[in-house]
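User: Could you give me a close look at one open sheet here, and then show me a pocket to compare it with? I'm new to this, so keep it friendly.

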Amino acid sequence: EPPDTPKDFSCQTQDMKRVTCTWTEGETYLYGQNSPRYTLSKTSSQKMALCKGSCSKQCSCSWDIGRQRIWNVTVTVENPLGKKTATDVFDVKHRMYPTAPLQIWEDSTDTEITLHWNYEKNGIELFWQTEVLQPDGKVELHNSSDVDSRHKRVTVRGLRPYTEYTARVRCAAAKHFWRWSEWSQPLAIRTKEGTPSGKLDIWREITPVLGGRNVTLFWKKTPSFQANGKIISYEVTWEKLEYGSKPEGISISSVYNSTRIFIDNHSYRISIMARNNVNFSLPSILIIAGAPDNSRKILFCSFLGTEELKKGRVNGTDDGISISWEPRSIYDSYIIDWCNFPRLQPCDLQWKRFGPNTSSAVISSAAFVPGVRYKFRIYGSVANKASLLEKKIGYLRELPPQLDPRVSNVDLTYNSVTLSWDSYLTNESEPGFVRGYHVYVSPIQGNCNLKGSKKHILSDDSELCKYTIENPEERSYTVEHLMPNTKYKIVVKAFTGGGETPSFNFRYIDTPYKSNMLYFVFLLVIVPTLVAAVCHWKMKWVKEYCCPVIPSPNKSKVLSFKEYKIDSEKVLKINDCVPDVLAMDSNAEAQKL
């Protein structure tokens, strides 16, 4: 194809001595000796070429301009199929494209950076732009005018102490802006150290000991605290409030964020400051109230709050553990402390501060895991003195209990069973709060349909009767409406907010016969059998008692008359019967008769 008109044809200079024109090459599908040829010449005299164009990614052509400032040039492109031209008219002073600044250096204070560089004068007034890259990725641009000197400089103010910045410089013609130069090579700069700003966030844990208290002090950097340098130590001082005693102090290495001191039972003022190579930060203050000398219990309750305050329960959410408390108007802030790893001793105490108008918070930590019980203490603070207000315990998420309760006693009747179990351990190692118990019952054969129960289907589709006990303090339960002489399986399981253990370790029981049936069997079988056995064993005695050879008058039914009695003895009238033999046993007896 014939060549296209050269696109984006323009000319510019970097030193006011030589001009370079550039344009974009079109596709002709001709190669070798037939490829396009580019010639740049004055428009008024195209026969005299200023330069021959060459193309790679972009076509260009350069020539020395001498003293001429106004130019009208034409670029001609031709191949065997045709020819096209493009023209540019310009003033060289209006086409200034400066070179990038070289050899940049700096000097700095804690809040300022001054950049220096050398730049060859070319008779054109330049405009300078400095880019400063902040540590957070934000870019600031600072503009400055030219200085009539080969040595250039620009000062950037309002920077943070001991902070690393990246700076670079570029320039352009001030009066007739054409294009910015390329950026200089970036220069990494760190401002000098300054006095630390803000205060440390400090906290404490108090443990009563003989003769006083051990106070473990903790500190951390708040968002408003700026070290403004490399922290080399933390200065801890404490002094009594009552007597104005001489302060005591220690210096702690910067690698630590806690220390422990011993104080007696007086009130103390404790301060902690961070120190860098320039100065100290403002002091952070804690007031430790006094404690009675002779009451370990009162001291323990006052400072640790483990006796008087009940532990409220808190719940986990998707974002953390939600805590709320009753606000008091006398406090200017609230503090919540807890341990990320409560099973480790000593634990890594954490704390968080809240404003006076706050009465709830969500405590989150990457260390929180399901099934671990966390303790939270809520303090109110006024004038740097903290008082324990409430205690909370809770889980990020409850898990099922680790074990089922141990059934210690089983009392059976023909239609009921009473189960008793040992007190269930509810210590800190439990993966959830025990909220009650489930009792599961089922006959070995057939389905369960006991009155007052709910159906529960296991994974193998077997059916159980389920009873729910919502009192975690309950230690026994009676299942009624059982069938006599029937085999049952039964189990007691504790449940938490996370459910119950999935396994079922059944206990097997057999209900006895019904009691009135046994009584009937006893009367019909057991009693006659016993009587027969006794009679057989005491045959002679029974015979003598029931059928004597000579009957006793007092025991004979024949002697039923009532008219003849001597005391309680019945008397037989001779004329009432005909004896076979009449014999007198005793003359004395005969005389009485």
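Analyst: Here's a walk along the sheet, followed by a stop at the pocket. This is a predicted model, where local features need pLDDT of at least 70, side-chain atom pairs count only at pLDDT 80 or more, and totals for chains, interfaces and linings use all residues. Residues are numbered from 1 along each chain as its sequence is written, and side-chain values use heavy atoms, with hydrogens and water left out.

The open sheet has four strands (DSSP E runs of at least two residues, numbered from the N terminus). Read across, the order goes β1-β2-β6-β5, and the pairing is antiparallel (a pair needs at least two DSSP bridges). The edges are β1 (7-13) and β5 (54-55), each with pairing on one side only. Further in, β2 covers residues 18-24 and β6 covers 59-64, and six bridges join this antiparallel pair. For a spot to click on, try arginine 18: its bridge partner is aspartate 64, in β6.

Now for the second largest pocket (an open set of 1 Å grid points where a 1.4 Å probe fits, with protein on both sides within 12 Å along at least five of seven lines). Its volume, the space filled by probe spheres set on the points, is about 880 Å³. The lining counts 36 residues (each with an atom within 4 Å of a point). Glu205, Cys339, Cys347, Leu349 and Arg377 lie nearest the centre of that pocket. Among the elements supplying at least two lining residues each are strands β16 (200-209), β17 (212-221), β28 (373-382) and β29 (385-395). Helix α1 (296-304) does that too (a helix is a DSSP H or I run of at least four residues).
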